[in-house]
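Hi everyone, thanks for making time this morning. I'd like to walk you through a structure that will be new to most of you, so let's put it up on the screen.

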Amino acid sequence: MQPNNDVKWMTAGESGLAGLFTLAVFLCIIAVAKAEDAPFAFHATLAGFASLAAVFAIFNRYFDRASLPPQEINGRPNYNFGPIKFASFMAMFWGIAGFTVGLLIALQLAWPALNFDLPWTTFGRLRPLHTSAVVFAFGGNVLLATSFYVVQKTCRVRLAGDLAPWFVVLGYNFFILIAGTGYLLGVTQSKEYAEPEWYADLWLTIVWVTYLLVFLLTLVKRKEPHIFVANWFYLAFIVTIAVLHLGNNPALPVSVFGSKSYVAWGGVQDAMFQWWYGHNAVGFFLTAGFLAIMYYFIPKRAERPVYSYRLSIVHFWAIIFLYIWAGPHHLHYTALPDWAQTLGMTFSIMLWMPSWGGMINGLMTLSGAWDKLRTDPVLRMLVVSVAFYGMATFEGPLMSIKVVNSLSHYTDWTIGHVHSGALGWVGFVSFGALYCLVPWIWQRKELYSLRLVNWHFWVATIGIVLYISAMWVSGILQGLMWRAYTSLGFLEYSFIESVEAMHPFYIIRALGGGLFLVGALIMAFNLWMTVRVGEAESEVPLSSGATLQAAE
C-alpha cells in the first residue's frame, strides 16, 4: 500500500518539544503543590503557564503551516528574521526597564526616602535587578539579535533549526523574567552578576547549549568558505560564557521544592571563582560579543572594508588568551594569595595592547569615509562607542595596578569606570546596531527620523559625561578622605562625613542617568515609527560578509 504523501506530519522537533513542555506543565503543578516557599511557588506557576503557552503555540503553528519554511527561495537564502525581530523588541523593552530602575536607585542614594520603606523597592533588591536588566536582558537580547543576523548574512544560509532559534530567544527571556522577579522577592545567590538561584541556572544552561548548537550548525552549513571575524568573536562569547556559568554556579539546593541553595565553593576559593566569572562576564559578554557587533556593523554602515583583517585576527586571539586571567585584580589586598593578585594585575596591564589594537581597527575602518560622521548620526554613535571602549580599556588596566587600586577600590571611581564602558561602549554600540538592524529586518528603506537619532546621540552623550565625571570626582574624593590622617595618626574624617560629601555628586549622577533614559525613550519612539510608517524596501539586497574583509 502506497503512503499518502498529502498527510502532514509533525516534525521531530515539534513533537519532541510539545511532549517535553506537556511534561513540564505537570511537573510545575507538582512543584506548586509541594513548594516550600512563596517565591518558588510563584516561579513554578510562571513556568507552568509558559510551558502551557509553548504547547499551544507549537500546535497552532503546526495546524497553520502548509509546510516548513524553505532554506532558499529562487536560489537565494530565505533568512529567518522572526527570532531576531523578537529579540530586538525585547532589547528595547528591557533596556528602558533597566535604565529606569537604575535611575530610581541613583535617586535613592541621594534621597534614601525613595526606598518607600518597602522590601521590594529597597536598594539591595533593585540594584541586582538593574545590573541584570541592562547587562543580561538588554545586552543579551542585542547579542542574540545581532549574532543570529550576522551569522546568517556572513554565511549566506538560513539559521539552523526550525523551532530551536525561537526556543533560544523565548527561553532566554523567560530566564530574565524568573531572575528579575526573583530579585524583587529576595531570591538570590548573592554572587555579583550571578544572582539567579539554582533552578534559573539550570534552565539557562539548557537554553545556552541550544544557542551554541544553533550558531555552530549555521556555521557548519555556510555557503561562504571563510568564517568572518565577527563570528569568531560571537563564538568565543558563547563558549566562554558557558564555561564561566558552569564553573561559578554549581550549587546544592536545600530542597528541590525550594528556592534556597548553597554554592559548592567556599571562602577564598568562592571569591576566586566569583571574580574569574565576574571579570570574564565583562570580558566575554560585554566585550567579545560587542566587538563582534563592531566588526560587522561599522564596516556595513560606513560601506568600507575592515581596516586590517590581519589585525582583527591578532586582536581576537590576544583578547581570548589574556582576558581569562585578569579576574584576580578584583581581589587586591584580600585573603587571595599575593601571587594570584599579581598575576591578575599583570595580565590586566597586558590587555591594554590588544584592546587598543581593536579600537584602532574599528576607528581606522572609517579611512576614506570620515565625512559620513557629519551626516550619519548612527555611524557617529557606533564610532563614539569605540572611543569609549578605548578609554575604558585604558582605565581598567590602570585601576588594576595595586597602588592605584588601593585608592580606587570600593569607591565611586569603580562605578564611573564601569559606566563609561557600559553606557559609552556597550550602550552606544548596541543603539547603533539596533538603528541599523531594525530597518533591515523589517525591510524599511531607512529610519523614521535621523534627526531624532541626532537628538538621542547628544542627549545620551551629555548624560554619560555628567555621570562618569561625577563618579570620577566623587570616587577619588572618597579614597582621599578614607586615607586622610591627622597629625596624631587618627582618621581625619568619619565614614558618614565621606557619605555626606558625596551628595551633590549623586544628584549629578542621577541627572546623567535621567538624560540617558530620555535618549533611550527617543530611540524607542523612532524605531517604533520606523516599523509602523517607514517606507518599505522594494527588494532586500543580498549581503555577503566577503565585502567586509580588507584586501591585504
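Before I point at anything, one term: when I say helix, I mean a DSSP run of H or I with at least four residues, and helices are numbered from the N terminus. With that in hand, here is a starting point: Phe-59 lies in helix α2, which covers residues 38-64. Please keep in mind throughout that this is a predicted model.

Let's stay with Phe-59 for a moment. Is it buried or exposed, or something in between? Phe-59 is partly exposed, because its relative accessible area is 32%, and the partly exposed class runs between the 20% and 50% cut-offs. Setting aside residues up to four places away in sequence, Phe-59 touches Met-10 and Ala-18. For a sense of distance, take Val-263, which is 204 residues away from Phe-59 along the chain: the two C-alpha atoms are separated by 39 Å.

Now let's zoom out to the whole chain. How many helices and strands does it have? The count is 18 helices and four strands. The C-alpha trace spans about 100 × 65 × 45 Å along its principal axes. A compact globule of 552 residues would have a radius of gyration near 24 Å, and the chain has 24 Å, so the two agree.

What about inside and outside? Of the 552 residues, 54% are buried. The accessible surface comes to about 24400 Å², and carbon and sulfur atoms hold 71% of that. If you take contacts with a separation of 6 or more, 82% of them join residues 24 or more positions apart. As for charge, there are 30 positive and 28 negative charges, and their mean positions are 9 Å apart.

Next, the interior. The largest nonpolar core has 142 residues, and the ones with the most contacts inside it are Phe-237, Phe-285 and Trp-425. Which helix gives the largest share of this core? That would be helix α8, residues 267-302, with 17 residues. Let's look around Trp-425. Leaving out neighbours within four places in sequence, its contacts include Leu-286, Phe-290, Leu-291 and Met-294, and also Ser-385, Phe-388 and Tyr-389. Apart from the big core lies another one, of six residues, including Ile-105, Leu-126, Leu-129 and Tyr-183.

Let's move to three buried residues in three helices. One is Leu-144, found in helix α4. Why does Leu-144 count as buried? Because its relative accessibility is 2%, and buried means under 20%. Leaving aside neighbours within four places, Leu-144 is in contact with Ala-87, Val-168, Val-169, Tyr-172 and Tyr-211. Ser-88 is 56 residues from Leu-144 in sequence, yet their C-alpha atoms are 8.5 Å apart in space.

Another is Asn-361, placed in helix α11, residues 352-364. Its relative accessible area is 0%, so Asn-361 is buried. Which residues does it contact, not counting neighbours within four places? They are Tyr-295, Val-306, Tyr-307, Ser-308, Leu-311 and Ser-312.

And then there is Gly-519, in helix α18, which takes in residues 503-533. Gly-519 counts as buried too, because its relative accessibility is 0%. With neighbours within four places left out, Gly-519 is in contact with His-456 and Val-459. Gly-519 and Asn-361 are 158 residues apart in sequence, and from C-alpha to C-alpha they are 28 Å apart in space.

To finish, two places in the backbone that I'd like you to look at. Asp-117 has a phi near 55°, a positive value in a residue other than glycine. Where does Asp-117 sit? It lies in the loop between α3, residues 82-110, and α4, residues 123-155. Asp-117 is exposed, because its relative accessible area is 76%, and exposed means over 50%.

The other place is Arg-156, whose phi is near 60°, again positive in a residue other than glycine. Arg-156 is found in the loop between α4 and α5, the latter being residues 164-184. Its relative accessible area is 31%, so Arg-156 is partly exposed.

That's my tour. Thanks for listening, and I'm happy to go back to any of these places on the screen.

Terms used. Residues are numbered from 1 along each chain as its sequence is written. This is a predicted model: local features need pLDDT of at least 70, side-chain atom pairs count only at pLDDT 80 or more; totals for chains, interfaces and linings use all residues. Side-chain values use heavy atoms; hydrogens and water are left out. Helices (H or I, at least four residues) and strands (E, at least two) are DSSP runs, numbered from the N terminus. The radius of gyration is taken over C-alpha atoms; the globule rule is 2.2 Å times the number of residues to the power 0.38. Buried means under 20% relative accessible area, exposed over 50%, partly exposed in between (1.4 Å probe, protein chains only). Contact means heavy atoms within 4.5 Å. Accessible areas come from the Shrake-Rupley method with a 1.4 Å probe; for residues, only the protein chains shown count as cover. Lys and Arg count as positive and Asp and Glu as negative; His and the chain ends are not counted. The place of a charge is taken as NZ of Lys, CZ of Arg, CG of Asp or CD of Glu. A nonpolar core is a set of buried Ala, Val, Leu, Ile, Met, Phe, Trp, Tyr and Cys residues joined through side-chain atoms within 4.5 Å.
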